[in-house]
Amino acid sequence: MIISHKDCFNLGHIAKTKGFKGELSLFLDVDNPYDYQNLDRLLIDLGGVLTPFFISSIRIKNNGFADLRLEGVENKDDAVRLSGKEVFLPMTDLPDLPEDEYYLHDLEGMEVIDALSGSLG
């Protein structure tokens with residue numbers, strides 16, 4: 001089954017390789033990276049195709065980055081081909097939010113109304 005970009009959200013990107021054994025540095029473009037510390041898989045955009053990868057290990061760091069090992073990525077050459085690629089997860093994998101919080105994609109297309117000025121679009 002092919003997963004479409006429209007059914008996914010951008011989790012971040014592979015920032016760079018680490019070492020010579022295929023480890024990667026993943027930048028998590030999210031509010032709370034620790035919400036994703038138990039991921040077991042992710043999707044990487046390879047030439048416009050979202051390609052699934054299983055996670056061998058992930059260690060969230062305090063700066064919005066994570067050290068990442070993926071199954072099948074065994075050396076620096078394997079890792080280099082993923083460097084700079086965008087990383088996605090299906091929308092169904094988004095963490096639940098408190099009742100008074102929303103994801104930005106949930107607000108797209110909604111009308112904004114200012115108490116003083118009225119409709120802003």
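Here is a short walk through this structure, from its overall layout to its core, its pocket and a few single residues. Please keep in mind that the model is predicted.

Let's start with the overall layout. The protein is built from two helices and eight strands. Read from the N terminus, its elements follow the order β-β-β-β-β-α-β-α-β-β. The radius of gyration is 17 Å, well over the 14 Å that the globule rule gives for 121 residues, so the protein is more spread out than a compact globule. If you trace the C-alpha atoms along the principal axes, the spans come to about 60 × 30 × 20 Å. Of the 121 residues, 31% are buried. Contacts also reach across the sequence: among those between residues at least 6 apart, 60% join residues at least 24 apart.

Next, turn to the interior. In soluble globular proteins, nonpolar side chains tend to be buried together. Here, the largest nonpolar core holds 23 residues, and Leu-11, Leu-26, Leu-42, Ile-44, Leu-68 and Leu-70 have the most contacts inside it. At least two core residues come from each of β1, β2 (23-28), β3 (41-46), β4 (49-60), β5 (65-70) and β6 (86-90). The largest share, four residues, is supplied by β4.

Leu-42 is a good place to look at this packing in detail. Leaving aside residues up to four places away in sequence, Leu-42 touches Leu-26, Thr-51, Pro-52, Phe-53, Ile-55, Leu-68, Leu-70, Val-87, Phe-88 and Leu-89.

Another useful stop is Ile-14, which lies in strand β1. Its relative accessibility is 0%, and because buried means under 20%, Ile-14 counts as buried. Beyond the residues up to four places away in sequence, the partners that Ile-14 touches include Leu-24, Ser-25, Leu-26, Ile-44, Leu-68 and Val-87. Leu-82 is also one of the residues in contact with Ile-14. These two are 68 residues apart in sequence, yet their C-alpha atoms are 6.7 Å apart in space.

For contrast, visit Ile-113, found in strand β7 (residues 113-114). This isoleucine is exposed, with a relative accessible area of 60%. Once residues up to four places away in sequence are set aside, Ile-113 touches Gly-118 and Ser-119.

Gly-48 offers a third setting, in the loop between β3 and β4. At 48% relative accessibility, Gly-48 counts as partly exposed. Gly-48 and His-5 are 43 residues apart in sequence, and 8.8 Å separates their C-alpha atoms.

Finally, consider the open space. Rolling a probe the size of a water molecule over the atoms shows where empty space is left. The largest pocket encloses about 490 Å³. Its lining is made of 18 residues, and those nearest the centre are Val-30, Asp-31, Tyr-36, Leu-94 and Tyr-103. Two elements, β1 (8-18) and α2 (104-107), give two or more residues to this lining. Sorted by class, the lining has nine nonpolar, three polar and six charged residues. To find the pocket in your viewer, you could begin with Val-30 and Asp-31, which are among the residues nearest its centre. Strand β1 is worth a second look as well: β1 gives residues to the pocket lining, and β1 also supplies at least two residues of the nonpolar core.

Key
Residues are numbered from 1 along each chain as its sequence is written. This is a predicted model: local features need pLDDT of at least 70, side-chain atom pairs count only at pLDDT 80 or more; totals for chains, interfaces and linings use all residues. Side-chain values use heavy atoms; hydrogens and water are left out. On a 1 Å grid over the protein atoms alone, a cavity is a set of points where a 1.4 Å probe fits but cannot get out, and a pocket is an open set with protein on both sides within 12 Å along at least five of seven lines; lining residues have an atom within 4 Å of a point. Grid points are joined across faces, edges and corners, and a volume is the space filled by probe spheres set on the points. Ala, Val, Leu, Ile, Met, Phe, Trp, Tyr, Cys and Pro count as nonpolar, Asp, Glu, Lys and Arg as charged, and the others, Gly among them, as polar. A nonpolar core is a set of buried Ala, Val, Leu, Ile, Met, Phe, Trp, Tyr and Cys residues joined through side-chain atoms within 4.5 Å. Buried means under 20% relative accessible area, exposed over 50%, partly exposed in between (1.4 Å probe, protein chains only). Contact means heavy atoms within 4.5 Å. The radius of gyration is taken over C-alpha atoms; the globule rule is 2.2 Å times the number of residues to the power 0.38.
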